Amino acid sequence: MAKTVADVMTAHPAAIEGDQPVSAAASLMRERDTGAIIVNDGGRMQGIVTDRDIAVRVVADERGPDTPVREACSPAVEAVDPDTGIDQAVRMMRSHAVRRLPVVEDGRAVGIVSLGDLAVERDENSALADISAAEGNR
């Protein structure tokens, strides 16, 4: 059984610089089959942008596809290091009502752990684990 987030995280998460347009972030989401991308400033993690962020903070506000990612992202992001225990990550997700936690080392994202990753680890027979483990659900 996994002990730390490093054991269950998705390594090498998709990332984009904050000055790039949200259209580039959306294209990267499609290419990498993911709903969340790390937002960097000079290679250092500054936030995270999700498909929902783009819908709510850009499309719903009738802003264009050239809107910089930094204007759509969630800048105050809870993050963990690779040695963070699974139970602590679950507590953080619960207390901050988040579905994903970037895994950061020396200011750089080295992975991302999702609610689905933890569901698969904790109870592989749960409905969330089944959905998360299905092909094309990353």
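## A loop residue and its distant neighbour

Asp83 is exposed, its relative accessible area being 65%. In this predicted model, Asp83 belongs to the loop that runs between H2 and helix H3 (86-96). The C-alpha atom of Asp83 lies 5.4 Å from that of Thr4, although 79 residues separate the two along the chain.

## Strands E2, E3 and E4

Strand E3 (residues 36-41) has neighbours in both E2 and E4. With strand E2 (residues 15-17), E3 pairs in the parallel sense over three bridges, and within this pairing Ala15 stands opposite Ile38 of E3. Helix H1 (residues 22-32) joins E2 and E3 in a right-handed β-α-β unit.

The pairing of E3 with E4 is antiparallel and rests on six bridges. Here Ile37 faces Val49 in E4. E3 and E4 form a hairpin with two residues between them; in the turn, Gly42 has a positive phi of about 65°. E3 is mostly covered, since five of its six residues are buried.

## The sheet E1-E6-E5

Three strands make up an open sheet in the order E1-E6-E5, with antiparallel pairing. Strand E1 (10-11) and E5 are the edge strands, and each of them pairs on one side only.

E5 and strand E6 (residues 108-114) are joined by six bridges in the antiparallel sense. Arg100 takes part in this pairing, with Ser114 as its bridge partner in E6. Arg100 also appears in the description of the second largest pocket, as one of the lining residues nearest its centre.

## The second largest pocket

The second largest pocket has a volume of about 430 Å³. Its lining consists of 14 residues, and those nearest the centre are Thr50, Ala97, Val98, Arg99 and Arg100.

Strand E4 (44-50), H2 and strand E5 (100-105) each contribute at least two residues to the lining of this pocket. H2 provides the largest share, three residues. By class, the lining of the second largest pocket comprises six nonpolar, two polar and six charged residues. E4 thus appears both in the hairpin with E3 and in the lining of the second largest pocket, while E5 is an edge strand of the open sheet and also supplies residues to that lining.

## Salt bridges

The model contains two salt bridges, counted with a cut-off of 4 Å between the side-chain nitrogen and the carboxyl oxygen. One joins Arg57 and Asp53, whose closest N and O atoms are 3.4 Å apart. Both residues belong to helix H2 (residues 51-59) and are four residues apart, about one turn of the helix. Asp53 is buried because its relative accessibility of 9% falls under the 20% limit. Arg57, in contrast, is partly exposed, with a relative accessible area of 31%. This salt bridge therefore links a buried acid to a partly exposed base.

The other salt bridge is formed by the side chains of Arg63 and Glu71, at an N to O distance of 2.1 Å. Arg63 has a relative accessibility of 32% and is partly exposed. Glu71 is likewise partly exposed, at 42%.

Key. Residues numbered from 1 in each chain as written. Predicted model: local features only at pLDDT ≥ 70, side-chain atom pairs only at ≥ 80, totals over all residues. Heavy atoms only, no water. Buried < 20%, exposed > 50% of the residue type's maximum accessible area, 1.4 Å probe, protein only. 1 Å grid on protein atoms, 1.4 Å probe; cavity = no way out; pocket = protein on both sides within 12 Å on 5 of 7 lines; lining within 4 Å. Points joined across faces, edges and corners; volume = space filled by probe spheres on them. Nonpolar A, V, L, I, M, F, W, Y, C, P; charged D, E, K, R; others polar. Pairing = 2+ DSSP bridges. Right-handed = clockwise from strand over helix to strand, strands pointing away.
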